[in-house]
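Trainee: Could you take one helix and go through it closely? I would like to know how it sits against its neighbour, and then how the rest of the chain compares as background.

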Amino acid sequence: MRRPRPRSSLAGQILVVQVLLFTVVLVGVGAVSVTQSRQASQDAQERRVRQVAEYVASLPLVRRQLADTARGLTTATALTATAEQLRTTSDVAVLLLATPDGRVTASPADPRLQGTTLPAAPHGPADDPSWLGQVLLGDRTTTAARVPVLADDGVQTDGAGTGGAPGAVVGAVLVGQDAAGWNTQLRTALPDLATYLGMSALVGLLGAWLLARRVKSQTLGLEPQEIASLATHREAVLRGIREGVVALDHDGVVTVANDAARDLLDLPPGVVGRPVRSLPLPPDVVDLLTRDPAPNDRPVVAGERLLVLNRTVLHRTGTPAGEPAGTVTTMRDRTELIALQHELGLSRTATQALRAQTHEFANRLHTISGLVQLGRYDDVVGFIDRVSRGHAERGEQIATQVHDPALAALLLAGTSVADERDVDLVLATGAHLPAVPDDLSDDLVTVVGNLVDNAVDAAAGAGGGTVEVDVRDDGAGGALVRVHDDGPGADPDLLTHLVRRGTTTKHDTPPGGHGVGLALVQLVCHRRGGRLDLQRGERGGATFTATLPAHPPAAPRA
């Protein structure tokens with residue numbers, strides 16, 4: 001089996017890239033430096049040959065000898081000797097003296113140029129008497145400067161009848177210097193260039209190595225393929241789990257929000273990278289996502305859902321005090337579970353009511369049986385009339401004040417359960433509720449059932465008492481529910497938490513099942529656009545007030 005080729009580490013890859021970059025930069029810098037050095041050398045060479053040419057052309061001896069040569073008074077040998085002396089003194093490679101028409105009369109460095117014509121100007125008009133540039137002289141490329149030689153005074157030439165008026169051109173001077181090649185210039189600049197580039201290379205390599213180690217430490221020693229694999233697996237896990245996951249950094253900016261979290265919290269697209277406080281979330285949810293200490297199995301209402309949140313604080317590795325790096329919050333939708341639990345609670349309430357009535361009926365049957373055995377038949381009839389009339393009167397009273405059949409049945413069953421626990425469940429004197437729509441009826445059963453259960457538990461826990469229920473129309477087709485008990489009440493500092501966080505004062509509830517009744521009541525009130533308030537009663541105990549509007553608010557359009 002063919003073994004996979006080992007991949008280089010992240011630090012090695014960064015080091016190689018940095019070395020390549022520095023190599024390219026250093027080569028570029030070297031090329032630019034050599035080019036600039038060559039250009040500077042050429043500029044200096046051009047300035048020097050121009051200065052030498054102008055100096056030679058301004059010498060009176062050169063002017064006079066060129067004029068005498070034109071008249072035949074001076075030989076070419078004397079002129080060549082003068083040119084050689086000037087060339088040697090000026091330390092130039094080429095120094096030519098020529099007639100006004102450009103014919104060379106003195107060429108001490110290269111006698112082969114004697115009698116030839118000076119080269120034309122490399123730039124500009126070919127007959128330009130004064131120019132500067134690189135030209136080909138024989139077999140060498142030379143940086144040359146041509147300057148005209150002017151006469152000092154007028155001289156008559158023999159037999160020609162022409163003379164040299166002051167300022168007239170009597171000849172030309174061409175001074176040249178061999179152009180240095182690339183190899184020569186490179187050899188000249190190489191020692192300094194190698195020193196500076198070598199120092200820069202060492203600094204660059206050291207910086208690349210330190211950067212590689214820094215990146216390696218920040219990636220926790222993971223290689224690129226391992227980081228990519230972790231990112232792929234994380235994305236698959238976040239998409240695969242049904243629980244919502246929201247991660248925040250230490251500044252409260254969202255770094256992760258999976259699909260389940262977006263659905264549960266109704267988050268808009270593009271939430272990653274935005275502060276959590278800028279998102280359209282309820283204040284309770286934002287508070288749980290950001291505040292300390294981290295919540296554990298904490299219920300909260302978000303829209304029409306009841307969510308249970310758990311938050312974990314992340315800490316940076318390698319820091320002395322474990323600096324917080326952010327948080328990860330998981331959330332589970334418990335709306336359907338709580339609804340099922342409520343239905344189960346209603347069934348349990350009905351079962352308890354039936355059990356209480358069974359116990360009551362058994363006692364009454366024993367009483368009737370004893371009266372029959374004693375032969376007191378008239379007392380049997382009277383006892384049955386009294387029992388039937390009392391039960392009917394209670395049902396008629398509830399039906400008279402509460403015209404919704406489902407809620408009336410719930411209250412009637414609740415009286416039997418409360419009686420069994422030595423608690424009186426009564427309707428307030430002014431309670432009156434007309435018939436309501438089915439959706440409001442279902443929500444009323446949920447709200448009243450949970451509030452009455454909590455009130456009966458509180459009153460029974462105090463050794464018995466009274467629970468008063470007030471249900472009435474709010475004047476706009478909705479309902480107002482008020483449930484008061486004379487139990488021990490609750491700590492005023494805990495009232496808000498009982499309503500908003502689903503906290504409970506009971507000590508015998510199973511883990512994970514505390515406070516769901518009040519959380520469900522809050523969910524129903526919030527969904528209909530109402531509210532749930534909790535106050536301490538005037539004579540002790542607690543008073544819950546729930547408002548349920550007739551129509552839920554319309555959902556805002558996206």
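**A close look at helix α10**

Mentor: The buried residues of α10 are L407, A408, L410, L411, A413, G414, T415, S416, V417 and A418. Keep in mind that this is a predicted model. The cut-off behind the word matters here: a residue is called buried when its relative accessible area is under 20%.

Start with the helix itself. Helix α10 covers residues 405-420. From the first C-alpha of α10 to the last is 23 Å for 16 residues, close to the 22 Å expected at 1.5 Å a residue. After α10 comes D422, and its phi is positive, near 65°. As background, most residues other than glycine have a negative phi.

The partner is helix α11, residues 438-461. The axes of α10 and α11 are 10 Å apart, and the two helices pack at an angle of about 15°. That angle makes α10 roughly parallel to α11, since an angle under 35 degrees counts as roughly parallel. The handedness of the crossing between α10 and α11 is right-handed.

Which residues meet across this pair? On the α10 side they are A406, L407, L410, L411 and A418. On the α11 side they are S441, L444, V445, V448, G449 and V456. By type, the contact of α10 with α11 has 9 nonpolar residues, 2 polar ones and no charged ones. L407, L410, L411 and A418 therefore appear twice in this account, as residues that meet α11 and as buried residues of α10.

Helix α11 can be described in the way α10 was. Its 24 residues reach 34 Å from first C-alpha to last, close to the 34 Å expected at 1.5 Å a residue. G463 follows α11 and has a positive phi, near 95°.

A second helix pair is useful to set beside this one. The axes of helix α2 (residues 60-71) and α3 come within 10 Å and cross at roughly 155°. The two are therefore roughly antiparallel to each other. The crossing of α2 past α3 is left-handed. In that contact, α2 supplies L61, V62, Q65, L66 and T69, while α3 supplies A78, L79, T82 and L86. These residues divide into 6 nonpolar, 3 polar and no charged.

For α2, 12 residues at 1.5 Å each should span 16 Å, and the end C-alpha atoms are 17 Å apart, which agrees. Buried in α2 are V62, Q65, L66, A67, D68 and R71. G72, just after α2, has a positive phi of about 85°.

D422 has company in the matter of phi. D91 is a residue other than glycine with a positive phi, near 55°. D91 lies in the loop between α3 (76-90) and β1 (94-98), and it is exposed, at a relative accessible area of 56%. D266 is not a glycine either, and its phi is positive, about 55°. The loop that holds D266 runs between α6 (259-265) and α7 (283-290). D266 is exposed too, with a relative accessible area of 55%.

Helix α1 (residues 10-58) gives an example of sequence distance against distance in space, with S41 placed in that helix. The C-alpha atoms of S41 and A179 are 9.3 Å apart, although 138 residues separate the two in sequence. S41 is partly exposed, with a relative accessible area of 33%. Q45 is also in α1, but Q45 is buried, at 17%. Leaving out residues up to four places away in sequence, Q45 touches T143, Q177, D178 and A179.

Last, the setting. The protein has 13 helices and 15 strands. It has 558 residues, of which 37% count as buried. Among its contacts with a separation of 6 or more, 56% are between residues 24 or more positions apart.

To return to the part you asked about: α10 lies roughly parallel to α11, with no charged residue in the contact between them.

How values were computed. Residues are numbered from 1 along each chain as its sequence is written. This is a predicted model: local features need pLDDT of at least 70, side-chain atom pairs count only at pLDDT 80 or more; totals for chains, interfaces and linings use all residues. Side-chain values use heavy atoms; hydrogens and water are left out. Axes are lines fitted to C-alpha atoms, for helices over the stretch in contact, and angles run from 0 to 180 degrees between N-to-C directions. Helices (H or I, at least four residues) and strands (E, at least two) are DSSP runs, numbered from the N terminus. Angles under 35 degrees count as roughly parallel, over 145 as roughly antiparallel, 65 to 115 as roughly perpendicular and the rest as oblique. A crossing is left-handed if the near helix is turned anticlockwise from the far one by less than a right angle, and right-handed if clockwise. Contact means heavy atoms within 4.5 Å. Ala, Val, Leu, Ile, Met, Phe, Trp, Tyr, Cys and Pro count as nonpolar, Asp, Glu, Lys and Arg as charged, and the others, Gly among them, as polar. The expected span of a helix is 1.5 Å times one less than its number of residues. Buried means under 20% relative accessible area, exposed over 50%, partly exposed in between (1.4 Å probe, protein chains only).
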